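Here's a quick walk through a protein model, written for someone who would rather look at the structure than read tables. Keep the viewer open as you go.

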Amino acid sequence: MENKEKKGSIFDSTIEAFQSFLRVPNTVTKKGSHVRDCNDLKRVMIIVVVALIPTLLFGIYNIGYQHNLAAGTDMGFWQMVWYGFLKILPLYLVSYIVGLGIEFASAQIRGHEVNEGYLVTGMIIPLIVPITTPLWILALAVAFAVILGKEVFGGTGMNIWNPALIARAFLFFAYPSCMSGDEVWVDGYSGATPLAEAAVGNFPTMANGSDSILNMFIGLMPGCPGETSTIAILIGAAILIFTGVASWKIMLSTVVGGLAMGYLCNAIAPDPTSYLAMPAWEHLIMGGFAFGAVFMATDPVTSAQTETGKWIYGFLIGAFTIILRVFNPGYPEGMMLSILLMNTFAPLIDYCVVQRNIKNRLKRAQINQ
């Protein structure tokens, strides 16, 4: 009788969630298990969070650096870091308070356990939005992403689209002035991103200063906090690949798809100043291409599951990103829409791959007979 009363507590899901997060639960699969692994969802999510830390730390510094550059002040290294930290902290508070609040409430209403999936989503959202995004708008975007992009499908593991990208898409379509993709505001100072400059023919190879190739690779350029530094993103990619948490096939095929479409655009470019003529490899270090390929396209829930499907899925993301960039001047980014589009078609890709394998096996069986 006591156990039933305890199980029926209105805070049962919340208490269990905190116990699971702080300690290793002693619960195991009782029956029907066909896959046994030392890693559970919590460990996988924590590894992704760790892989995101380099991009977060550099993003904090770059926020202060861009403010120092735009305002013409003479801030020291730690002053820029502290400035960036104070700017991004409110975004994280809103992201986790709103997102986890909805997660806990939903779990409690349904009588389910609270899953650890939002640990990563809450970490990513502030990294892919401008730091000057109004907090109330960010709260709406997070609520929209968690409720309509995740919970209505059944929660973690059931969603069709990447929840963090759903939040970004909400901002882009509902509040385009805060999420244009081509201009970033830093305390009243606006600066065009390299993608916006490239759209008008000012490629990084032709530019100097903050838009130079080296600065772009390091990340010292305007942009969302987590998307500027290719070096920091590559460190995160190494962690994900080494631990086996993310698929290197999706990462590689996304890059190959981007390069293939980029070189095709170079071949048909009408003149050297056309956006089509921008060197294909420069797309890889501009905007959110690298971040999307490493942390967003590889989401195990919304990406393709079959091995062949992963190659197709990643290749199409890279190719569509370049197509959207060069043929849609109104939105120079492209990565967000490409991933969401391929999230939609990932199940179809897997279905086609599986059906093809079944037909091939049937043919082999008939031949052997």
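## A word on touching

When two residues are said to touch, or to be in contact, they have heavy atoms within 4.5 Å of each other. One more thing before we start: this is a predicted model.

## The overall picture

The protein has 14 helices and 2 strands. Of its 369 residues, 48% count as buried. The outside adds up to about 18400 Å² of exposed surface, and carbon and sulfur atoms supply 66% of that.

How much of the contact network links residues far apart in sequence? Taking the contacts with a separation of 6 or more, 72% are between residues 24 or more positions apart.

## The nonpolar core

The largest nonpolar core takes in 85 residues, and L240, F291 and Y313 have the most contacts inside it. Helix α3, residues 41–71, supplies the largest share of this core, with 12 residues.

Let's take Y313 from that trio. Setting aside neighbours within four places in sequence, Y313 is in contact with I250, A297, T302, S303, A304, I339, M342, N343, A346 and I349.

## Helix α3 and its distant partners

Two residues of α3 make handy landmarks. The one to find first is I47, which lies in this helix. Leaving out neighbours within four places in sequence, I47 contacts I239, L240, T243 and V245. I47 and V245 are 198 residues apart along the chain, yet 7.6 Å separates their C-alpha atoms.

The other landmark is Q66, also found in α3. Is Q66 buried or exposed? Its relative accessibility is 9%, so Q66 counts as buried, the cut-off for that being under 20%. Q66 also sits across from a residue well along the sequence: the C-alpha atoms of Q66 and P222 are 6.7 Å apart, with their positions 156 residues apart in the chain.

## Helix α12, tucked away

Why can α12 be called largely enclosed by the rest of the structure? Because 8 of the 8 residues of this helix, 289–296, are buried. If you want to click through them, they are F289, A290, F291, G292, A293, V294, F295 and M296. You've met F291 already, as one of the residues with the most contacts inside the largest nonpolar core.

## Where α11 meets α13

Now look at helix α11 (residues 248–268) and helix α13 (residues 307–327). Their axes come within 7 Å and cross at roughly 40 degrees, and the crossing is right-handed. The residues making up this contact split into 16 nonpolar, 7 polar and 3 charged.

## I349 in helix α14

Last stop: I349, placed in helix α14, which covers residues 335–368. With a relative accessible area of 11%, I349 is buried.

Which residues does I349 touch, not counting those up to four places away in sequence? The list is G309, I312, Y313 and M342. I349 and I312 are 37 residues apart in sequence, and their C-alpha atoms are 7.7 Å apart in space. Y313 links back to the core, being among the residues with the most contacts inside it.

Note on methods:
Residues are numbered from 1 along each chain as its sequence is written. This is a predicted model: local features need pLDDT of at least 70, side-chain atom pairs count only at pLDDT 80 or more; totals for chains, interfaces and linings use all residues. Side-chain values use heavy atoms; hydrogens and water are left out. Helices (H or I, at least four residues) and strands (E, at least two) are DSSP runs, numbered from the N terminus. Buried means under 20% relative accessible area, exposed over 50%, partly exposed in between (1.4 Å probe, protein chains only). Accessible areas come from the Shrake-Rupley method with a 1.4 Å probe; for residues, only the protein chains shown count as cover. Axes are lines fitted to C-alpha atoms, for helices over the stretch in contact, and angles run from 0 to 180 degrees between N-to-C directions. A crossing is left-handed if the near helix is turned anticlockwise from the far one by less than a right angle, and right-handed if clockwise. Ala, Val, Leu, Ile, Met, Phe, Trp, Tyr, Cys and Pro count as nonpolar, Asp, Glu, Lys and Arg as charged, and the others, Gly among them, as polar. A nonpolar core is a set of buried Ala, Val, Leu, Ile, Met, Phe, Trp, Tyr and Cys residues joined through side-chain atoms within 4.5 Å.
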